[in-house]
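Me: Pick one part of this model and take a close look at it. I'd like it as a connected story rather than a list, with the reasoning left in.

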Amino acid sequence: MRLDKFISQQLGISRNLVGRELRAGRVTINGDVVKTGASKILPDDEVAYDGNVLQQLNGPRYFMLNKPEGYVCSTDDPVNPTVLYFIDEPVAEKLHAAGRLDMDTTGLVLLTDDGQWSHRVTSPRHHCEKTYLVTLAEPLAAGTAERFAAGVQLHGEKHLTKPATLEAIDEICVRLTISEGRYHQVKRMFAAVGNHVSALHRERIGDIVLDPELAPGEYRALTQEEVDSVYGDTAGCCL
């Protein structure tokens, strides 16, 4: 990669400003001052700005975040705080959420800069299952699990939802697994059967389960097995 492009990405500044910083002698490669933006950097090169080493990105990145309430999953929002607030990684703004959650929904969010991988997670064609822990405003009505298994009619939709699996934990807490990603789907499904969702927490996407060691706002890199599972045919992330 060209040095000026790398510095521009790392610092979030224009190429013109990069040129000024280079001419000022503020950039080094392996300890040597470099003033030419066209210089090529190699994967093993150590690039520093004002003595601070800038980490090169070697390949796509994949993270899981335990999203707290009150943050949006977009990477740039002029009003609301975004999940990138929690991500302490180089060029974090290049990451995007593979499957968003509403501001008031908590739990598993996957972040990546691999567009093909995130498409596998979110595309309706791949039927990637998501599991949610749902707290209801009213006790679960008898027969709700059967209705969800058969598909329910959402307001404003032409087609029934795909079969979903509902597990009752207690009278107001349930675990719901769906294989779609319609707008506000979980909330609308319970509204369709006369109930209201008071709290929603995502536990699983495909084979990737939220790490119980992650407190709200904490994140970690995905394991290679977790990354590869998105291309498998188990747990609902199908080919």
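Reply: First, a word on what I call a loop boundary: helices and strands here are DSSP runs, with at least four residues for a helix (H or I) and at least two for a strand (E), numbered from the N terminus. And keep in mind that this is a predicted model.

By that bookkeeping, N30 sits in the loop between β1 and β2, the latter being residues 32–33. I'll come back to N30, but let's start with the helix ahead of that loop, α2, which spans residues 15–23.

Which residues of α2 are buried? They are V18, G19, E21 and L22. Look down the axis of α2 and these buried residues fall within an arc of 165 degrees, so they line one face of the helix. Flip to the other side of α2 and you find N16 and R23 exposed.

So much for the helix by itself; now its surroundings. The buried residues of α2 pack against α1 (3–11), β1 (27–29) and β3 (47–49). Take α1 in that list. The axes of α1 and α2 come within 9 Å and cross at roughly 105 degrees. An angle of 65 to 115 degrees counts as roughly perpendicular, and that's why α1 and α2 get that label. As for who touches whom, α1 brings L3, D4, K5, I7 and S8, while α2 answers with R15, V18 and L22. Sort the residues of this contact by type and you get 4 nonpolar, 1 polar and 3 charged. Notice that V18 and L22 turn up twice: both are among the buried residues of α2, and both are in the contact with α1.

Now follow the chain out of the helix. α2 is followed by G25, which has a positive phi, near 75 degrees. A positive phi on a glycine is one thing; most residues other than glycine have a negative phi. That brings us back to N30, which has a positive phi of about 55 degrees although it isn't a glycine. Is N30 buried or exposed? Buried means under 20% relative accessible area and exposed means over 50%, so N30, at 45%, counts as partly exposed.

For a parallel, jump along the chain to α5, residues 185–192. Here the non-glycine with a positive phi is H184, at about 50 degrees, and H184 lies in the loop between β10 and α5. With a relative accessible area of 31%, H184 is partly exposed. Just after α5 there's a glycine again: G194 takes a positive phi of about 80 degrees. In α5 itself, Q185, V186, R188, M189 and F190 are buried. The cover over them includes β8, α4, β9 (165–168), β10 (173–178) and β11 (197–205).

Back at α2, then, the picture to hold on to is a helix whose buried residues line one face, packed against α1, β1 and β3, with G25 and its positive phi following.

How values were computed:
Residues numbered from 1 in each chain as written. Predicted model: local features only at pLDDT ≥ 70, side-chain atom pairs only at ≥ 80, totals over all residues. Heavy atoms only, no water. Buried < 20%, exposed > 50% of the residue type's maximum accessible area, 1.4 Å probe, protein only. Arc of directions from axis to C-beta. Contact = heavy atoms within 4.5 Å. Axes fitted to C-alpha atoms, helices over the stretch in contact; angles between N-to-C directions. Parallel < 35°, antiparallel > 145°, perpendicular 65-115°, else oblique. Nonpolar A, V, L, I, M, F, W, Y, C, P; charged D, E, K, R; others polar.
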